[in-house]
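I opened a notebook page for this chain. The plan is to look things up one at a time and write down what I find.

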Amino acid sequence: LDPNGSPKNGKTCTKFLFMTRHPIANIYAVDIFVQEAMGGFIDFEILLRNYIQMHKYMKMDEKTLDSEAMWTRLEDFTADPAKEIKNIFTFLEVESDDETIDDVL
């Protein structure tokens, strides 16, 4: 932001972070939620089609954004949380030194 609180260069300061997950892991997590929290059942194929369609929407939406977007995978985050948090913080242009990352984790 400039000193008046307006976005620099007339651009928005909004940023979008898309976190995705392996389709099968996502489907099983949703299945467990539906069964345990809602007492219901959704067919595996429907869950897979829904996952694919939602990602298509996300990719389409990303193209229309006037803001920067970043994609990260949950699997990458769990494999190396410090690295992914640093990448995310760098993208967001917030403090990303090792001490800050350690405090967050």
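The entries below go from the whole chain to single helices, ring pairs and a loop.

**Entry 1: the chain as a whole**

I note first that this is a predicted model. I looked up the confidence: the chain averages a pLDDT of 90, and 90% of the residues score at least 70. Where pLDDT is low, the predicted coordinates should not be read in detail. Among the elements, H3 has the highest mean pLDDT, at 96, and H5 the lowest, at 90.

I then listed the elements and found five helices and two strands. Along the sequence they follow the pattern β-α-α-β-α-α-α.

How many of the 105 residues count as buried? The value is 18%. I also looked at contacts in the chain with a separation of 6 or more, and 49% of them come from residues 24 or more positions apart.

**Entry 2: helix H2**

I checked the length of H2 against its number of residues. Its 21 residues should span 30 Å at 1.5 Å a residue, and the end C-alpha atoms are 31 Å apart, which agrees.

Which residues of H2 are buried? I found Leu-47, Tyr-51, His-55 and Met-58. They cover an arc of only 75 degrees around the axis, so they are on the same side of H2. On the other side of H2, I found Arg-49, Lys-63 and Thr-64 exposed.

I then asked what the buried residues of H2 pack against. The partners are E1, H1 and E2.

**Entry 3: helix H4**

I repeated the length check on H4, which runs over residues 81–92. Its 12 residues should span 16 Å at 1.5 Å a residue, and the end C-alpha atoms are 16 Å apart, so the two values agree.

The buried residues here are Glu-84, Ile-85, Ile-88, Phe-89 and Phe-91. Their arc around the axis is only 160 degrees, which puts them on the same side of H4. I looked up what covers them, and the cover includes E1, E2, H3 (74–79) and H5 (98–104).

**Entry 4: aromatic pairs**

I searched for paired rings and counted two aromatic pairs. The rings of Phe-18 and Trp-71 have centres 4.6 Å apart and planes at 20 degrees; planes under 30 degrees apart count as stacked, so this pair is stacked. Phe-18 is in strand E1 (residues 15–20) and Trp-71 in strand E2 (residues 68–73), so the pair ties together parts 53 residues apart in sequence.

Is Phe-18 buried or exposed? Its relative accessibility is 13%, and buried means under 20%, so Phe-18 counts as buried. Trp-71, at 26%, counts as partly exposed.

The other pair is Tyr-28 with Phe-44. Their ring centres are 6.1 Å apart and their planes are at 50 degrees, so I wrote this pair down as tilted. Tyr-28 lies in helix H1 (residues 23–38) and Phe-44 in helix H2 (residues 44–64), so the pair ties together parts 16 residues apart in sequence. I looked up accessibility for both residues. Tyr-28 is partly exposed at 48%, and Phe-44 is partly exposed at 36%.

**Entry 5: charges over rings**

I looked for charged ends placed over aromatic rings. Lys-59 lies over the face of Trp-71, at 4.6 Å from the ring centre. Trp-71 is thus a residue I meet again, as it is also paired with Phe-18. The charged end of Lys-15 sits over the ring of Phe-91, 5.0 Å from the ring centre. Phe-91 was already on my list of buried residues in H4.

**Entry 6: the loop after H4**

What follows H4? I found Glu-93 there, with a positive phi near 60 degrees. I marked this value since Glu-93 is a residue other than glycine. Glu-93 lies in the loop between H4 and H5. At 63% relative accessibility, Glu-93 counts as exposed.

Asp-97 is also in the loop between H4 and H5. With a relative accessible area of 29%, Asp-97 is partly exposed. I looked up one distance from this residue: the C-alpha atoms of Asp-97 and Lys-86 are separated by 7.8 Å, and the two residues are 11 apart along the chain.

Key:
Residues numbered from 1 in each chain as written. Predicted model: local features only at pLDDT ≥ 70, side-chain atom pairs only at ≥ 80, totals over all residues. Heavy atoms only, no water. Phe/Tyr/Trp six-rings, centres within 6.5 Å; stacked < 30°, edge-to-face > 60°. Helix = DSSP H or I, 4+ residues; strand = E, 2+ residues; numbered from the N terminus. Buried < 20%, exposed > 50% of the residue type's maximum accessible area, 1.4 Å probe, protein only. Lys NZ or Arg CZ within 6 Å of the ring centre and 35° of its normal. Expected span 1.5 Å × (residues − 1). Arc of directions from axis to C-beta. Contact = heavy atoms within 4.5 Å. pLDDT = per-residue confidence, 0-100.
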